[in-house]
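Visitor: I am new to reading structures, and I would like to learn how the words used for them are justified. Could you take me through the reasoning step by step?

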Amino acid sequence: MYEPIRTKSVHRMADDDRNKFPHRSREEELDIQLAGHLAALLAVTDELGDAAAAERIARQVARLRGAPPARHAGLSGADTPALHRRAHALAGRALVVAASRADTAVAILAAERMDAHAAALDAAGLVGTA
């Protein structure tokens, strides 16, 4: 009465793809995000010329990534207050992610960097200006 199906079906269940692709855990995603924020902060810190702070940040990036970070090679040409504002914002983002993943060392470092950049802006009389 009918011809039997001789080819493989083109239809599949939605769960079939679930195990074919590697998935990251929430902790791994937070590590990647935190390392990215710290690497961006490292680039700005290098540009500001704060070698001691840059080394502390680089150690944390290396711990999170398992390899030393690439260091900032060029200058953006931004003025110093703009760099301090950017660094303050990046340190704030790092602090939020570090708190989320309960990384005390990075949270302390990020809070210290936020304080340092806020103090630099305050000393220049630029607090509250955008």
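Visitor: Which residue forms a salt bridge with D31?

Guide: In this predicted model, D31 forms a salt bridge with R101, and their closest N and O atoms are 2.5 Å apart. The pair links distant parts of the chain, with D31 in helix α1 and R101 in the loop between α3 and α4, 70 residues apart.

Visitor: Why is the pair of D31 and R101 called a salt bridge?

Guide: The term requires a side-chain nitrogen of Lys or Arg within 4 Å of a carboxyl oxygen of Asp or Glu; the N and O atoms of R101 and D31 are 2.5 Å apart, and therefore the pair meets the definition. R101 also forms a salt bridge with D103, at 2.4 Å, and D31, R63, R101 and D103 are linked in a network of salt bridges.

Visitor: Why is D103 called buried, and what makes D31 partly exposed?

Guide: Buried means under 20% relative accessible area, so D103, at 8%, counts as buried. D31 has a relative accessible area of 21%, and because partly exposed runs between 20% and 50%, D31 is placed in that class.

Visitor: What makes R24 exposed?

Guide: Exposed means over 50%, and R24 has a relative accessible area of 53%, so R24 is called exposed. The side chain of R24 meets that of E29 in a salt bridge of 2.9 Å, N to O.

Visitor: How do you know that the span of helix α1 agrees with what is expected?

Guide: At 1.5 Å a residue, the 23 residues of α1 should span 33 Å, and the end C-alpha atoms are 33 Å apart, so the two values agree.

Key. Residues are numbered from 1 along each chain as its sequence is written. This is a predicted model: local features need pLDDT of at least 70, side-chain atom pairs count only at pLDDT 80 or more; totals for chains, interfaces and linings use all residues. Side-chain values use heavy atoms; hydrogens and water are left out. Helices (H or I, at least four residues) and strands (E, at least two) are DSSP runs, numbered from the N terminus. The expected span of a helix is 1.5 Å times one less than its number of residues. Buried means under 20% relative accessible area, exposed over 50%, partly exposed in between (1.4 Å probe, protein chains only).
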